Amino acid sequence: MVTRRSRGFTLIELLVVMAILGLLLSLAAPKYFHSVDASKETVLAENLRITRAAIDHFYSDRGRYPESLAELVARRYLRALPVDPLTEQPTTWTLVAPPQGTAGNVADLRSRSPKLARNGRPYAQW
């Protein structure tokens with residue numbers, strides 16, 4: 001009786017394992033990307049809330065709006081420029097000017113991302 005020694009996996013075994021891994025990845029990947037998008041939305045909302053509160057405090061303390069976001073950092077209303085999690089840059093905010101006749105340049109800020117949120121609303125309207 002001749003015995004064969006196993007020296008590795010057969011092609012069929014490798015294909016079965018690859019198919020199982022592909023199936024598992026196709027189930028897990030959408031949930032992963034959904035949670036990444038949800039976390040970016042949460043960070044964006046929090047960064048907007050904190051920065052808008054700092055702008056409001058600046059206005060109530062000084063009677064004018066800041067000239068830039070860097071002024072909020074320089075005067076210690078913020079520790080650092082907020083990062084837009086969608087563009088991953090602190091310099092890509094759309095700055096909204098105050099009403100006519102009010103001093104300063106920054107009354108509000110919005111994300112410059114052209115993408116839509118999970119609820120269908122553009123990030124630029126948050």
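Which residues does Asp84 touch, not counting residues up to four places away in sequence? I looked this up in a predicted model. I found Leu44, Gln89, Thr92, Trp93, Ser111 and Arg112 on the list for Asp84.

**Entry 1: Asp84**

I placed Asp84 in the loop between helix 2 (69-74) and strand 1 (94-96). I then looked for a charged partner. Asp84 is buried yet has no salt bridge. The nearest side chain of opposite charge belongs to Arg112, 7.5 Å away. A salt bridge needs a side-chain nitrogen of Lys or Arg within 4 Å of a carboxyl oxygen of Asp or Glu, so I did not write the pair down as one, with 7.5 Å between Asp84 and Arg112. I note that Arg112 is nevertheless on the contact list of Asp84.

**Entry 2: Gln89**

I went on to Gln89, one of the residues that Asp84 touches. Gln89 lies in the loop between helix 2 and strand 1. With a relative accessible area of 37%, Gln89 is partly exposed. Leaving aside neighbours within four places in sequence, I have Gln89 in contact with Pro82, Val83 and Asp84. I also checked Gln89 against Tyr65, which is 24 residues apart from it along the chain. The C-alpha atoms of Gln89 and Tyr65 are separated by 23 Å.

**Entry 3: the whole chain**

I stepped back to the overall layout. I count two helices and two strands in the protein, and along the sequence they follow the pattern α-α-β-β. The radius of gyration is 26 Å, while the globule rule gives 14 Å for 126 residues, so I recorded the protein as more spread out than a compact globule. The C-alpha atoms fill a box of roughly 100 × 30 × 15 Å along the principal axes.

I took burial and contacts next. Of the 126 residues, 25% count as buried. The protein exposes about 9300 Å², and carbon and sulfur atoms supply 59% of that area. Among contacts with a separation of 6 or more, residues 24 or more positions apart account for 47%.

**Entry 4: salt bridges**

How many salt bridges does the structure hold? I have eight, and I followed up several of them.

I started with Glu88, which forms a salt bridge with Lys40. The closest N and O atoms of Glu88 and Lys40 are 3.8 Å apart. This pair links distant parts of the chain, since Glu88 is in the loop between helix 2 and strand 1 and Lys40 is in helix 1, 48 residues apart. I noted Glu88 as exposed, with a relative accessible area of 54%. Lys40 is partly exposed at 25%.

I turned to Arg64 after that. The side chains of Arg64 and Glu67 meet in a salt bridge, at 3.9 Å from N to O. Arg64 also has a salt bridge with Glu71, and there the closest N and O atoms are 2.6 Å apart. Salt bridges that share partners join Arg64, Glu67, Glu71 and Arg75 into one network. I compared exposure within this group. Arg64 is partly exposed, with a relative accessible area of 22%, and Glu67 is partly exposed at 41%. Glu71 has 11% relative accessibility and therefore counts as buried.

**Entry 5: backbone angles**

I checked phi for residues with a positive value. Most residues other than glycine have a negative phi, so I wrote down the exceptions. Arg76 has a phi near 65 degrees. I found Arg76 in the loop between helix 2 and strand 1, exposed, with a relative accessible area of 76%. Glu88 has a phi near 60 degrees, also a positive value in a residue other than glycine. I had already met Glu88 as the salt-bridge partner of Lys40.

**Entry 6: a nonpolar patch**

Which residues make the nonpolar surface patch of about 680 Å²? I list Ile12, Val16, Val17, Met18, Ile20, Leu21 and Leu24. I looked up one of them, Ile12, and found it in helix 1 (residues 11-62). Ile12 has a relative accessible area of 58% and is therefore exposed.

How values were computed:
Residues are numbered from 1 along each chain as its sequence is written. This is a predicted model: local features need pLDDT of at least 70, side-chain atom pairs count only at pLDDT 80 or more; totals for chains, interfaces and linings use all residues. Side-chain values use heavy atoms; hydrogens and water are left out. Patches are made of residues with over 30% relative accessible area and no salt bridge: like charges are joined within 9 Å, nonpolar side chains (Val, Leu, Ile, Met, Phe, Trp, Tyr) within 5 Å. Accessible areas come from the Shrake-Rupley method with a 1.4 Å probe; for residues, only the protein chains shown count as cover. Helices (H or I, at least four residues) and strands (E, at least two) are DSSP runs, numbered from the N terminus. Buried means under 20% relative accessible area, exposed over 50%, partly exposed in between (1.4 Å probe, protein chains only). Lys and Arg count as positive and Asp and Glu as negative; His and the chain ends are not counted. Contact means heavy atoms within 4.5 Å. The radius of gyration is taken over C-alpha atoms; the globule rule is 2.2 Å times the number of residues to the power 0.38.
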